[in-house]
Structure formats: C-alpha cells, structure tokens
Amino acid sequence: MNAIPLRDDNIFYPESDGQPMGETELHRDEIVYLIEAFRERFETETDVHVSGNLFFYYRQGDPKAVVCPDVMVIPGIPPGQRRTYKLWEEKKVPSLVVEVTSDSTIQEDLTRKKACYERLGVEEYFLHDPLAEALSPPIQGFRLAAGRYQKISPEADGSLVSRTTGVTLRMEGERIRLVETATGRPLRRIHELRAEIARLRDELEHRRTG
C-alpha cells in the first residue's frame with residue numbers, strides 16, 4: 001500500500017510557545033516603538049508589512065524551523081494582521097530584522113538567529129541593547145555582502161543607516177530613535193504623537209475662540 005502524503009494543513013504550526021515574555025519595561029517599550037515607527041515610515045505604502053514578536057516559519061512541513069524576530073520589515077506584501085508568518089505562503093523574506101537584545105539573549109542573537117537570518121537572505125540585521133550591558137556600542141548592524149553578513153560601519157555620530165528602509169538608527173540617551181535618512185524627520189513615539197495632537201487641538205480651539 002502506498003503511503004498517503006502528509007498535507008501541510010495536517011501539520012500544526014503553533015502561534016505561541018506558551019512561555020511568558022520576560023523582558024524589562026524598557027525592552028518592551030523599545031520593541032513597541034520600533035514596530036510603530038517603521039509602520040509610520042511606511043504608512044502610505046501598500047506593499048510593506050511591518051511586524052514583530054511573531055512566529056516566522058521558514059521551512060514548510062517543519063514546525064521546528066521557526067524564529068521569532070522582535071521587529072521585521074517585509075517589502076512586497078500588503079500590511080495586515082497575521083497569526084504567524086509562513087515563508088512558503090508569503091514568498092517574501094524580511095529585508096530588515098531588529099532584535100532588542102540583553103545579557104540573557106545576546107548569545108542566541110549573535111549565533112543561532114544571526115546564522116538563520118543570514119541563510120534566509122535577510123539583507124540587514126540590527127541589534128539594539130537599550131541597557132548597554134551586552135553590546136558596546138548599543139546599536140550594531142550587519143548587511144549581506146556576497147551572501148555573508150558584514151558589519152555596518154557607523155556614521156560619525158555613531159548612528160547606523162539602513163539602506164533597505166531609508167531609515168537611520170541612532171541613540172538618544174538609552175532610547176533608540178529612528179529618523180528618515182533623506183529628510184531627517186524623526187519617527188515619533190506614541191506619547192510624542194499624543195502631545196502633537198493635543199497641541200494642534202489647543203491651537204484650533206484658540207483660533208476658534210479668537
């Protein structure tokens with residue numbers, strides 16, 4: 001009797017590993033900011049997906065072939081909610097990945113994850129250590145050259161330029177800041193956006209009341 005081929009829809013690809021996320025509030029805030037800032041950068045684009053903390057399955061039929069980037073930018077596919085990211089369905093590799101690293105994750109970020117992203121063809125890979133305990137300087141990056149990661153040379157102020165996204169990553173104190181490279185426009189945090197909205201409302205109210 002011939003064996004019946006196992007269809008992919010019979011394979012379970014978990015959406016979570018059931019483990020709690022154990023990060024500092026600073027690490028969490030930096031991840032949230034990076035995701036939202038990249039989304040702001042590409043808010044007018046219809047074919048760029050920005051995500052993070054999402055299971056990324058890269059080999060069909062093998063649920064163990066998975067990685068979970070903190071932040072990833074994927075050109076060539078529309079934005080929108082996804083429960084997991086399956087490479088064989090989307091057919092697009094991220095152009096950029098950022099890992100917000102720490103003492104407890106730096107070894108994996110610099111070994112297993114780095115090798116995985118290099119093999120998959122992720123063009124740019126950045127590491128950010130907000131507590132500056134595991135990395136010095138606290139932002140470092142790698143770019144593919146002939147299929148291998150080469151370290152990105154920092155600018156004079158220590159910032160790093162992402163060619164794939166048109167964004168410059170720099171430190172402001174212990175916080176990271178993304179800036180549009182071409183215009184110098186900073187990509188804002190949620191509280192900065194709220195303050196700007198409040199200022200505009202006050203200005204409109206002042207004009208209305210004379």
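**A tour of two sheet regions and one helix**

Begin by selecting strand E11 (residues 167-172) together with E12: six bridges join the two strands, which run antiparallel. The model on display is a predicted one. Within this pair, highlight threonine 168, whose bridge partner in E12 is valine 179. Then move to the turn of the hairpin formed by E11 and E12, where two residues stand between the strands. Glycine 173 adopts a positive phi near 70 degrees in this hairpin.

Next, keep strand E12 (residues 175-180) selected and display the surrounding structure. Is this strand largely enclosed or left open, and why? Five of its six residues are buried, so strand E12 is largely enclosed by the rest of the structure.

The second stop is an open sheet of three strands, arranged in the order E3-E2-E5 with mixed pairing. Its edge strands are strand E3 (66-67) and strand E5 (85-86), each of which pairs on one side only. Select strand E2 (residues 56-57) with E3: the two run antiparallel and are joined by two bridges. Here tyrosine 57 has valine 66, in E3, as its bridge partner. In general, strands of a sheet pair through backbone hydrogen bonds, in either a parallel or an antiparallel manner.

For the last stop, select helix H4 (residues 112-120) and locate glutamate 118 within it. Which backbone atom does the side chain of glutamate 118 reach? The side chain extends to the backbone nitrogen of tyrosine 149, at 2.7 Å. To view the surroundings of glutamate 118, add Leu144, Gly147, Arg148 and Tyr149 to the selection; these are its contacts once neighbours within four places in sequence are left aside.

Conventions
Residues numbered from 1 in each chain as written. Predicted model: local features only at pLDDT ≥ 70, side-chain atom pairs only at ≥ 80, totals over all residues. Heavy atoms only, no water. Buried < 20%, exposed > 50% of the residue type's maximum accessible area, 1.4 Å probe, protein only. Helix = DSSP H or I, 4+ residues; strand = E, 2+ residues; numbered from the N terminus. Pairing = 2+ DSSP bridges. Polar contact = N/O pair within 3.5 Å; in protein donor to acceptor, adjacent residues only side chain to side chain. Contact = heavy atoms within 4.5 Å.
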